[in-house]
Amino acid sequence: MGDAMAPEVDNDHTGGLNLSDVEETSLITLYCRAMESTSRDPILRDEKALELVGKIDPLLAGTDKRLFRRLKKRRVPKILVVHIALRARHYDQCAKDFLAKHPNGVLVNLGCGMDTRFYRIDDGRVHFFDLDLPPVIASKKALLPENERYHLIGQSVMEFGWMEHITALGNRPVMFQAEGVLMYLPEEKVRQLILKLQQRFPGCELVCEVVNKRWIQGIFKKMTAAKMKNRMNIGGGAEFLFGIADSRELEQWHSGIQYMGEWSYLDSRHQKLGWLGWLAGWQLFRKAQYTLHYRLN
């Protein structure tokens, strides 16, 4: 792979990818989607993920970073692969449903990582924005080309200047998706972000993944951190900071925030979940990490 196609590199123990602990989780989800795509009766077929993994694999050769070695060898827990595939399929469907109602709609993927949703849901009309920190977007731009409807923005979600790119398209319906990002922000920043979205894009929709507050406190927090470290060798910088106690909790932040529904990957009762599917009736596990849908009026 020539320099023009190579992601940002630092040529050290990271295996050539200059990413923080949180940003490295985007590689995990990418590899999960690629792995599920080649499984029997795949939950999700993601051709672009397979293409990207093929380009990234050579960068992981010779690394001494355990996470990268595990990814290159496809040593990812099966249940994590299933979880990520089910989640990606659900967010894809939310995007498709939104575009069916709003053919001139705009999709914004907050904290996009190496997601390839645009290629999975593109209807030939949608304007799609991928937003993430500069190192992630620099790597992504080296691997995926922008076009007149697919835009990559290298900024923090908390640097609100990126919103000008959306408003420049005019008064269009907008759906924001935050898949695996809000839990890494402090609560005050999550509140600030959501209230800013409501102010700048009244009537927009937000589909976001959250964790239950119980799982970021006390012994449950230690269990979660241990699982992330032991299962996938994720660094301590990828720590869950924000959680909620109730699905309607965000409605208390402003009278215009309207709860529209929720979803857990356990709700699918997919056969690949195995015995975990039976946990759907136990709210402690069903809402450990799940998705909420709001309208921001």
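Which residues line the second largest pocket? I began with this point, bearing in mind that the model is predicted.

**Entry 1: the second largest pocket**

I listed the lining and found I166, T167, G170, N171, R172, P173, V174, R200, F201, P202, G203 and C204. I then looked up the volume: the second largest pocket holds about 200 Å³ of space. I also sorted the lining residues by class, which gave 6 nonpolar, 4 polar and 2 charged.

**Entry 2: confidence**

I checked the pLDDT of the protein chain, and the average is 87. A score of at least 70 is reached by 85% of the residues. I noted that residues 1-15 have a pLDDT below 50. In the model this stretch nevertheless has 34 contacts beyond near neighbours in sequence. I leave those contacts uninterpreted, because predicted coordinates should not be read in detail where pLDDT is low.

**Entry 3: the cavity**

I searched the whole structure for cavities of 30 Å³ or more and recorded 1. The largest cavity encloses about 30 Å³ of space. Its lining consists of H83, R87, E209, W263, Y265, Q289, Y290 and T291. I asked which elements supply at least two residues each to this lining, and they are α4 (78-101) and β7 (289-296). The largest share, 3 residues, comes from β7. By class, I recorded 3 nonpolar, 3 polar and 2 charged residues in the lining of the largest cavity.

**Entry 4: E205**

I located E205 in strand β5, which spans residues 204-211. Is E205 buried or exposed? Its relative accessible area is 2%, so I entered E205 as buried. Beyond four places in sequence, I found E205 in contact with F98, K101, H102, V174, M175, F176, M260, H293, Y294 and R295. With one of these residues, H293, the contact is polar and joins the two side chains at 2.7 Å. I also looked up the separation of E205 from P173: the two residues lie 32 residues apart along the chain, and their C-alpha atoms are 8.4 Å apart. P173 belongs to the lining of the second largest pocket.

**Entry 5: S156**

I placed S156 in the loop between β3 (150-154) and α7 (163-167). I entered S156 as buried because its relative accessibility is 18%, and the cut-off for buried is under 20%. A polar atom of the S156 side chain lies 3.0 Å from the backbone nitrogen of M158. Not counting residues up to four places away in sequence, S156 touches L133 and W162.

Key:
Residues are numbered from 1 along each chain as its sequence is written. This is a predicted model: local features need pLDDT of at least 70, side-chain atom pairs count only at pLDDT 80 or more; totals for chains, interfaces and linings use all residues. Side-chain values use heavy atoms; hydrogens and water are left out. On a 1 Å grid over the protein atoms alone, a cavity is a set of points where a 1.4 Å probe fits but cannot get out, and a pocket is an open set with protein on both sides within 12 Å along at least five of seven lines; lining residues have an atom within 4 Å of a point. Grid points are joined across faces, edges and corners, and a volume is the space filled by probe spheres set on the points. Ala, Val, Leu, Ile, Met, Phe, Trp, Tyr, Cys and Pro count as nonpolar, Asp, Glu, Lys and Arg as charged, and the others, Gly among them, as polar. pLDDT is the predictor's confidence in each residue, from 0 to 100. Contact means heavy atoms within 4.5 Å. Helices (H or I, at least four residues) and strands (E, at least two) are DSSP runs, numbered from the N terminus. Buried means under 20% relative accessible area, exposed over 50%, partly exposed in between (1.4 Å probe, protein chains only). A polar contact is a pair of N or O atoms within 3.5 Å; within protein, one must be able to donate a hydrogen and the other to accept it, and residues adjacent in sequence count only if both atoms are side-chain atoms.
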